[in-house]
Amino acid sequence: MRQRAFLLVNPWITDFAAYDLWVRPLGLYILASRLREAGHRVEIIDCLDGGADAARRPPKRGAWGQGKFFSEEIPRPEALRPIRRRYRRYGMTPERFRERLASLARPDAVLVGSMMTYWYPGVADAIRGIRGAWPGAPVILGGIYATLCADHARFATGADLVLPGEGERVLPRALTDLLGGSFDLDVDGGDPDGAPYPALDLAGRLDAVPLLTSRGCPFRCTYCASALLSPGFRARDPIRVVDEIEHWHRRFGTVDFVFYDDALLVDSTHRAVPMLEEILRRGLACRFHCPNGLHVRDLSPRLASLMFRAGFRTIRFGFETASAARQEATGGKVTTEELRRAAAYLREAGYAPREIGVYLLCGLPGQRAEEVKHGIDLVAASGARPILAEYSPIPGTPLWGEALRHARYDIAAEPLFHNNSLLPCLERGISTADFQALKNRARAACADGPPC
Ligand code: B12
Ligand code: SF4
């Protein structure tokens, strides 16, 4: 096998606002580890990695590996001109990015990742920078935007090749076509524990490590892209997950771990419960964070107690709406009774209401302000903390057709309008002031108790 050199690039975020809620390009680190395992040389540039940007004083970071990004104001893209809000680029400066590229030898191919669909301007900028450094180097784009908006990515980013899907499955063939030889990256052979750990040792910082205990989700909520990104549900052996936690904790001193799973608590008897018992058995003094919504249904008194004792510090549940009709129509992943029960178990385990975050979707097609208000009050009355999550319409999801009918912008033509903070599908009857009142109501609902 001929050894090849790859550069992996995580582009900037371009948005009205962004906060580093443990945002790490885990997909790229997974691909880097597999390329390395197959004997190739890999370098990674994470434009969001503050640790890689020693020239600037870092912005305020939280105590648990989250915090602010570096950012600078940039002109709004043409489509967003009428929206009078400041627009920013988050991450390292373009000069720093050029310096990093200039410090590297020309790779055989550059693999660019992507996250939110409406962050594509940062992807196009990164590809422009790569072209400037090595005009002839092949650039392959993958990741979430490339999967959900492949056609758009083909004309809007300047990539030579746009590859939708999980990289370890789609890259081997593309690399063979491009470079010749064979690239065996799907090394797990169907065993999700057969692969090496993500190559996070290449990251500029290991203050928080992202973890995946599974891929995909057994549910099919109509607003969610999980099935498009990872078809089928595959779970790892919980004990092997603890091995990974122990690896980062003991070798790199990492204390904060962040679960990126779509379905961390599903089938908890066979997954989360043994994992937490093992964490406690090994005495791993770590903190765990779940910024992505957890499932309420599988929560038992035992699981709640284990979560508390094992160090789960950031917990967020996906409840989305208190409307029983909408719960049912969007996929039936949770009922109101299940939420009440779960919140009670967590409080019995030791959590304060303010520490039990519950996401409520806001701005769904056809949703009235009354429904959101009802959700806020119900979550608060259940002894938990309501957190509004603005709906981002996603092409290819079952709700997309309805989103198109209700959208206030041309979401079909322009992914910039998928931006959750634009509330693109908000009912016309709900004004900005109404939305602000809902936000205030949610904030006030958890004004007491310890800080979270
Ligand atoms: C964890 C997560 C978060 C984390 C952040 C993590 C991060 N890295 O950014 C947090 C909790 C902060 C977050 C927040 C939000 N999120 Co989010 N999030 C996810 C989640 C669950 C997992 C992403 C992930 O890292 N997966 C694991 C890695 C391994 O997978 P991956 O990155 O896709 O990489 C694989 C492939 O894409 C591919 N690949 C990747 N790079 C490359 C490169 C090449 C060259 C190739 C070939 C392949 C390739 O191979 C990789 C390995 O298999 C996804 C859902 C999902 N299942 O993906 C939603 C998701 C991305 N989020 C979504 C949304 C809506 C949001 C929010 C707007 C929610 C809200 N309303 O508040 C916020 C916005 C954040 C912001 N403004 O800052 C949407 C996307 C919306 C959109 N329009 O793009 C998703 C898809 C969920 C959904 N609703 O369906 N999120
Ligand atoms: S349960 Fe969560 S991850 Fe699964 S389909 Fe529904 S919203 Fe997506």
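In this predicted model, the side chains of Glu-246 and Arg-282 come together in a salt bridge, with N and O 2.7 Å apart. Glu-246 sits in helix α8 (residues 238-252) and Arg-282 in the loop between α9 (272-281) and β13, so this pair ties together parts that lie 36 residues apart in sequence. Side chains of opposite charge can pair in this way when their charged atoms come close. Searching the whole structure turns up 36 salt bridges.

Next, the overall layout. The protein splits into domain 1 (5-179) and domain 2 (206-444), and the centres of the two, taken over C-alpha atoms, are 25 Å apart. On the domain 1 side, 30 residues are in contact with 33 residues of domain 2. The size of an interface is often given as the accessible area lost when the parts come together. Here domain 1 and domain 2 bury about 2,600 Å² between them, and 64% of that is on carbon and sulfur atoms. Three aromatic names stand out on the domain 1 side: Trp-22, Trp-64 and Tyr-118 supply 28% of the area that domain 1 buries against domain 2, more than any other three residues.

Polar and charged pairs also show up at this interface. The count of salt bridges between domain 1 and domain 2 is five, and there are twelve residue pairs in polar contact across the interface, both partners being at pLDDT 80 or more. As for who does the touching, α1, α3 (120-133), α4 (144-148) and α6 each bring at least two residues to the side of domain 1 that meets domain 2. Of that side, the largest share, three residues, comes from α4. Sorted by class, the residues on this side of domain 1 are 19 nonpolar, four polar and seven charged.

Now for the ligands. Ligand 1 has 40 residues around it, the closest being Gly-167, Glu-168, Arg-215, Ala-225 and Asp-262. Two of those names, Glu-168 and Arg-215, also form a salt bridge with each other, their closest N and O atoms being 3.4 Å apart. Both domains take part in the shell around ligand 1, with at least three residues drawn from domain 1 and at least three from domain 2. Looking at secondary structure, α1 (26-37), β6 (109-112), β7 (139-141), α6 (167-179), β13 (287-294) and β16 (385-390) each put at least two residues into that shell. Helix α1 gives the largest share, four residues. By class, the shell around ligand 1 is made up of 24 nonpolar, ten polar and six charged residues.

Nitrogen atoms of ligand 1 pick up several polar partners. Asp-262 places a polar side-chain atom 2.7 Å from a ligand 1 nitrogen. Backbone atoms join in too: a backbone N or O atom of Glu-390 is 2.8 Å from a nitrogen atom of ligand 1, and a polar backbone atom of Arg-24 is 3.0 Å from a nitrogen atom of ligand 1.

Ligand 2 is surrounded by Cys-217, Phe-219, Cys-221, Tyr-223, Cys-224, Asp-262, His-295 and Lys-333. By class, that makes five nonpolar, one polar and two charged residues. Asp-262 turns up here as well as among the residues closest to ligand 1.

Terms used
Residues numbered from 1 in each chain as written. Chains lettered and ligands numbered in written order. Predicted model: local features only at pLDDT ≥ 70, side-chain atom pairs only at ≥ 80, totals over all residues. Heavy atoms only, no water. Near = heavy atom within 4 Å. Polar contact = N/O pair within 3.5 Å; in protein donor to acceptor, adjacent residues only side chain to side chain. Nonpolar A, V, L, I, M, F, W, Y, C, P; charged D, E, K, R; others polar. Domains from an automatic or database assignment. Contact = heavy atoms within 4.5 Å. Buried area = accessible area lost by both parts, 1.4 Å probe. Salt bridge = Lys/Arg side-chain N within 4 Å of Asp/Glu carboxyl O.
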